[in-house]
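Thanks for coming. I have one structure to go through this morning, and I will keep to side chains and a few backbone angles. Please have a look at it before I start.

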Amino acid sequence: MNTKEILSRYAVGQRDFRNLNLIAVNFRNVNLAGINLSGANLTKANLTQANLSYANLTGAILTGATLTETKFTRANLTGANLSDTNLGEANLSQTHLRGAILPTGTNPRTLSNRLKAPQVQKLTV
């Protein structure tokens, strides 16, 4: 399945794209909120500024993927392989990363600050 076909099927409501081979796919600037890419091979994929909020990427292979400004809000990356990626500018708010293989040098303690729910500030008048 190629990029155009996936985007076409997604546009008409299909969300289940499990176990696909999507090596070097270009999903730059694409809204794929809620997509199921569990078990997919996204090695060296371009996900720059993609919206993957609420996506299921359980067990996905993202080795060497470009994740600049990728939105993973509330996504499930349990067991995903994120080696050789840069999560520095990715939005990981409330993302599930249990068992994920993180990039070398990633400090889980620093990363965990970006995984928590945003704090609601109490306004005083």
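By nonpolar core I mean a set of buried Ala, Val, Leu, Ile, Met, Phe, Trp, Tyr and Cys residues joined through side-chain atoms within 4.5 Å. Keep in mind that this is a predicted model.

Let me start with the core. The largest nonpolar core holds 33 residues, and the members that touch the most others are Leu42, Leu57 and Phe72. Take leucine 57. Which residues is leucine 57 in contact with, once neighbours within four places in sequence are left aside? They are Leu37, Ser38, Leu42, Leu52, Phe72, Asn76, Leu77, Thr78 and Ala80. Two of the names from before, Leu42 and Phe72, are on that list.

From phenylalanine 72 we can go to glutamine 94. The two are 22 residues apart along the chain, and their C-alpha atoms are separated by 8.3 Å. Glutamine 94 is in the loop between α1 and α2, where α2 is 108-112. Is glutamine 94 buried or exposed? Its relative accessibility is 19%, so it counts as buried, the cut-off being under 20%. As for a partner, the side chain of glutamine 94 makes a polar contact of 2.3 Å with the side chain of arginine 74.

Next, charges. How many salt bridges does the structure hold? There are two.

One salt bridge joins glutamate 5 and arginine 9, with 2.7 Å between the closest N and O atoms. Why does that spacing in sequence fit? Both residues are in helix α1, residues 3-11, and because they are four residues apart there, about one helical turn separates them. Glutamate 5 has a relative accessible area of 31%, which makes it partly exposed. Arginine 9 is partly exposed as well, with 31% relative accessibility.

The other salt bridge is between the side chains of aspartate 16 and arginine 18, at 2.6 Å from N to O. Aspartate 16, at 34% relative accessibility, is partly exposed. Arginine 18 also falls in the partly exposed class, at 47%.

There is another arginine to point out. The charged end of arginine 15 sits over the ring of tyrosine 10, at 3.6 Å from the ring centre. As for rings with rings, the count of aromatic pairs is zero.

Now back to the loop between α1 and α2, which is also the place of asparagine 46. The side chain of asparagine 46 is joined to that of threonine 48 by a polar contact of 2.7 Å. Beyond residues up to four places away in sequence, asparagine 46 touches Val25, Asn26, Phe27, Arg28 and Thr66.

Last item, the backbone. Which residue other than glycine has a positive phi near 65°? That is asparagine 29, and it is found in the loop between α1 and α2. Asparagine 29 has 53% relative accessibility, so it counts as exposed.

Aspartate 84 is another case: it is not a glycine, yet its phi is positive, at about 60°. Aspartate 84 lies in the loop between α1 and α2. With a relative accessibility of 57%, aspartate 84 counts as exposed.

To finish, the items I would look at again on screen are the core around leucine 57, the contact between glutamine 94 and arginine 74, and the positive phi values at asparagine 29 and aspartate 84.

Conventions. Residues are numbered from 1 along each chain as its sequence is written. This is a predicted model: local features need pLDDT of at least 70, side-chain atom pairs count only at pLDDT 80 or more; totals for chains, interfaces and linings use all residues. Side-chain values use heavy atoms; hydrogens and water are left out. A salt bridge is a side-chain nitrogen of Lys or Arg within 4 Å of a carboxyl oxygen of Asp or Glu. Helices (H or I, at least four residues) and strands (E, at least two) are DSSP runs, numbered from the N terminus. Buried means under 20% relative accessible area, exposed over 50%, partly exposed in between (1.4 Å probe, protein chains only). A polar contact is a pair of N or O atoms within 3.5 Å; within protein, one must be able to donate a hydrogen and the other to accept it, and residues adjacent in sequence count only if both atoms are side-chain atoms. Contact means heavy atoms within 4.5 Å. Rings of Phe, Tyr and Trp (its six-membered ring) pair if their centres lie within 6.5 Å; planes under 30 degrees apart count as stacked, over 60 as edge-to-face and the rest as tilted. A charge sits over a ring if NZ of Lys or CZ of Arg is within 6 Å of the ring centre and within 35 degrees of the ring normal.
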